[in-house]
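User: I'd like to learn how to read charge pairs, strand pairing and burial in a protein model. Could you take me through them step by step?
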Amino acid sequence: MAKNFDPDSFQMNEDLVSVHLKAQTDAEVITQLSNIFIDLGYVRPSFTAAAIGREETAPTGLPTPGLGTAVSHAEIEHTLKPGIAVGTLEKPVKFGQLGDPDNQIDISIVFMLSITQPKMQVYLLQSLIEIYKHESLLRKLHAATDPKIIVEMVNAALMKVKSKNNSAV
């Protein structure tokens, strides 16, 4: 494993997107997105239980403008290669709120991260903030029926953060 995170090694593609995902619970959402990662070789089978367990003890639901989002992930030992899966939910699902686990909020978009290096998490969260801070982007992302559009939006956010980080050096 390299010491420094290389943003160019990060992978986001249409195979990692699930539009109008049907689920009743946060665990069902996490399981479905984890299965995409497992099937494509991004994570170990242990990732699912680890991500569900992490969500129970440290919820990731965010009351972002317009639509609630969550950023589910598991520890590095459960991952094989970097990636981000995105699930837009057919109907909102309750997730615990980040920093306030007793508060359940409606989540409509879930970003699942396969993190292989600690610095990667910071980069990915900075990238997602580029999406979160714009309600119109969240609504466009949720309304998209073509995974290609979702990939383009997420990749644009990744590139924006990469450019900011490169110009800060």
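User: Let's begin with salt bridges; which residue pairs with Lys 94?

Analyst: Side chains of opposite charge can pair when their charged atoms come close. Here a salt bridge means a side-chain nitrogen of Lys or Arg within 4 Å of a carboxyl oxygen of Asp or Glu. In this structure, Lys 94 bridges to Asp 106, with 3.0 Å between the closest N and O atoms. Lys 94 belongs to strand S4 and Asp 106 to strand S5, so the pair ties together parts 12 residues apart in sequence. Helices (H or I, at least four residues) and strands (E, at least two) are DSSP runs, numbered from the N terminus.

User: Before we go on, what kind of model is this?

Analyst: This is a predicted model, in which local features need pLDDT of at least 70 and side-chain atom pairs count only at pLDDT 80 or more, while totals for chains, interfaces and linings use all residues. Residues are numbered from 1 along each chain as its sequence is written, and side-chain values use heavy atoms, leaving out hydrogens and water.

User: Thanks! How many salt bridges does a search of the whole structure find?

Analyst: The search finds two. Besides the Lys 94 pair, Glu 135 and Arg 139 meet through their side chains at 3.0 Å, N to O. Both of these residues sit in helix H4, four residues apart, which is about one turn of the helix.

User: Are the residues Lys 94 and Asp 106 buried or exposed?

Analyst: Buried means under 20% relative accessible area, exposed over 50%, and partly exposed in between (1.4 Å probe, protein chains only). Lys 94 is partly exposed at 44%, and Asp 106 is partly exposed at 41%. In the helix H4 pair, Glu 135 has 35% and counts as partly exposed; Arg 139, with 41%, is partly exposed too.

User: How is strand S4 covered as a whole, and how does S4 pair with S5?

Analyst: S4 is mostly covered, with 11 of its 15 residues buried. For pairing, two strands count if DSSP finds at least two bridges between them. S4 (residues 83-97) and S5 are antiparallel, with 11 bridges. Phe 95 faces Ile 105 of S5, and Gly 83 has Ser 114 as its bridge partner there. In the hairpin of S4 and S5, two residues lie between the strands, and Gly 99 has a positive phi near 85°.

User: Which strands run parallel to S4 or S5?

Analyst: S1 pairs with S4 in the parallel sense over three bridges, where Leu 21 is matched with Leu 89 of S4. Strand S3 (residues 69-73) runs parallel to S5 (residues 100-114), with five bridges joining them; His 73 stands opposite Leu 113 in S5.

User: What comes just before S1 (17-21), and is that residue buried or exposed?

Analyst: Leu 16 lies in the segment before S1, and its relative accessibility is 0%, so Leu 16 counts as buried. Leu 16 is 131 residues from Pro 147 in sequence, yet their C-alpha atoms are 8.5 Å apart in space.

User: How do I place these strands in the whole protein?

Analyst: Follow the order of elements from the N terminus: β-α-α-β-β-β-β-α-α-α. That makes five helices and five strands. Of the 169 residues, 48% count as buried.
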